[in-house]
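Thanks for asking me to look this one over. My comments follow as numbered points, so you can check each against the coordinates.

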Amino acid sequence: MKRRQFIHNTARGLAVGMVAPYILTSCGNSSDGKVNVGFLGVGGRGQALLKHFMLLDDVQVLGIYDPFEDRRNDRAVWVSEVHEKRNANKDIKFKYEKCMAHDSYAALLDDKRIDAVVIATPDHWHVPLSYAAVDAGKDVYVEKPLGLTIEQGQILRKKVHEKKAILQYGTQQRSNRNFWLAAELTVREKIGKLERIDAWCPGQNREYTGSTEPIPVPGGFDYDVWLGPAPVTPYTKDRCTSEGSWYVYDNAIGFIAGWGAHPLDIAQWGNQSDDSGPVKYRGTGSLFPPGGLFDTINDWDIHCEYANGVKMHFFSHQHIPEYVGDYRPDVKLHGTTFWGSNGWVSVDRAGIHASDPELLKFTIEPGREKCYVSTHHQGNFIECVKSRKQPICTIDAAVRSDTISHLGNILIRSGASELRWDPEKEEIIDPTPAMKEMLHRPQRKPYDII
Ligand SMILES: NC(=O)c1ccc[n+]([C@@H]2O[C@H](COP(=O)([O-])OP(=O)(O)OC[C@H]3O[C@@H](n4cnc5c(N)ncnc54)[C@H](O)[C@@H]3O)[C@@H](O)[C@H]2O)c1
């Protein structure tokens, strides 16, 4: 998006930010209570997050890096303009500095003034940059999905614990009341004892599978950094777009993790299994048709089972008519349903439904909730950076939900009929050679941060 359009599109949000900012009360890292933030990756999601964070008056964005020079420059100019306007407002309690466009992620991470980093890069960079940021003493807000392998998530988790860093995972559905309500009703057994979960999200079934024709890399774009730890491949029209980064296996495992992260995160929450996961996996799936650039799984139908006997059915949108079409109204392309011994509750971003609609009138005195309450995902992160309390979507929860996507991916790509997982040791039980091969990805130098 060009700068002018970006400014136009954010004008409304900015006005809200100036008039009624989301005010946080606890004391901050900087001497005056602000949290200094840096941004790595300001494409589609990164600029949306930039807007969300800029609505928080105790956030000062001091640096931005993106391999697209125009993106980092435009966003840094925009932030600096917002800061300047705020400084002109005599009712605002903070003073804001200029935002710098850095020419490398290392330069941004070297800036000692920066307390926290927001990472919205393609998936293959999530863990390496989070690791480097935590190692540099920063807290991290990182987009989902987590790693390109289960191992990557585990490596990051160890580093986060070692450095006592705050890490918020970008599964923002937990900070929405309807998702909280579905989890709270389930945990309180208002639908009876939990027996089964349906979790579904978009796969991909378009005919277009991305151009493989090499073309020159555009000026002002550092393709080598974009590729980073991933293998070197020719630049093509679709490779460095959002879709290219979601559906190319060198850079992602596909929507089984990229979108699956959201309904799985809610499933894990309602099942109270943020420190565990299913022990058995069976299922089928398919990849994009060969010949194009996109080569991740685009369709899956996976049956899992937790050690507590709860069954989970995780599938892509192609299977909605078969599985969700008949029990709830207005089915969206994504959602999570909890089935208990007495009924069900089903939630997506458009709403919440239950077998007994009376259940949805549930209220509770603040402070007595069983499930963590956050009403603003980015605000919750900033609050935790200040208070050092754990955020709503921790690294521990992230590793476990991401593992479910990976095990589904491994099951399908290895062609096995079943996969068994030990959630204590966090290992596949008796992996086949094909499964073992998928547990590790080499990291290209000099980007081999992990
Ligand atoms: N939470 C959500 O609801 C949500 C929604 C959309 C996307 N996402 C996630 O956000 C991430 C980005 O997706 P997108 O659609 O914005 O893709 P995008 O391609 O539009 O943006 C990614 C940006 O990261 C930049 N980048 C690449 N390597 C970098 C590096 N080393 N340092 C800094 N920047 C780098 C790219 O140049 C690009 O501008 C994905 O992981 C995606 O899964 C999350």
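1. In what order do the strands of the open sheet of six strands run? The order is β3-β2-β1-β4-β5-β6, and the pairing is parallel. At the edges sit β3 and β6 (167–169), each of which pairs on one side only. Please keep in mind throughout that this is a predicted model.

2. Let me begin with β2. This strand covers residues 59–65, and seven of its seven residues are buried, so β2 is largely enclosed by the rest of the structure. On one side β2 pairs with strand β1 (residues 35–40), in the parallel sense and over six bridges; there, glycine 38 stands opposite glycine 63 in β2. Strand β3 (residues 100–101) also runs parallel to β2 and is joined to it by two bridges, with isoleucine 64 opposite alanine 101 in β3.

3. The connections around β2 are worth a look in your viewer. From β2 the chain passes through helix α3 (residues 69–88) to reach β3, in a right-handed β-α-β crossover. A right-handed β-α-β unit is also made by β1, α2 and β2.

4. Towards the other edge, strand β5 (residues 139–142) pairs with β6 over three parallel bridges. Valine 142 has tyrosine 169 in β6 as its bridge partner. In the loop between β5 and α6 (150–163) you will find proline 145, and the peptide bond that leads to it from lysine 144 is cis, with omega near -5°.

5. Now the ligand. Of the 28 residues around it, Gly41, Gly43, Gly44, Arg45 and Ser242 come nearest. By class, this shell holds eleven nonpolar, eleven polar and six charged residues. Helices α2 (44–54), α8 (223–227) and α9 (242–247) each supply at least two residues of the shell, and α2 gives the most, with three. Why does the ligand lie between domain 1 (3–173) and domain 2 (177–373 + 395–437)? Because both domains give residues to the shell around it.

6. A few backbone details deserve a second look. As background, most residues other than glycine have a negative phi, and most peptide bonds are trans. Lysine 164, in the loop between α6 and β6, has a positive phi near 50°; with 9 C-beta neighbours inside 10 Å, lysine 164 counts as exposed. Glutamine 272, in the loop between α11 (261–270) and β8 (280–287), has a positive phi near 55° and counts as partly exposed, with 15 C-beta neighbours inside 10 Å. A cis peptide bond also links lysine 445 to proline 446, with omega near 0°; proline 446 belongs to the segment after α15 (433–437).

7. One long-range contact may interest you. Valine 385 is found in helix α13 (residues 377–387). In sequence, valine 385 and valine 35 are 350 residues apart, yet their C-alpha atoms are 7.8 Å apart in space. Is valine 385 buried or exposed? With 28 other C-beta atoms within 10 Å, valine 385 is buried, since the cut-off for burial is 20 or more.

8. Finally, the overall picture. The protein has 15 helices and 15 strands. Its radius of gyration is 22 Å, close to the 22 Å that the globule rule gives for 450 residues, so the protein is as compact as a globular protein of that length. Along the principal axes, the C-alpha atoms fill a box of roughly 60 × 60 × 40 Å. Buried residues make up 50% of the 450 residues.

Terms used:
Residues numbered from 1 in each chain as written. Predicted model: local features only at pLDDT ≥ 70, side-chain atom pairs only at ≥ 80, totals over all residues. Near = placed C-beta within 6 Å. Helix = DSSP H or I, 4+ residues; strand = E, 2+ residues; numbered from the N terminus. Nonpolar A, V, L, I, M, F, W, Y, C, P; charged D, E, K, R; others polar. Domains from an automatic or database assignment. Buried ≥ 20, exposed ≤ 12 C-beta atoms within 10 Å, placed from the backbone. Pairing = 2+ DSSP bridges. Right-handed = clockwise from strand over helix to strand, strands pointing away. Rg over C-alpha atoms; globule rule 2.2 N^0.38 Å.
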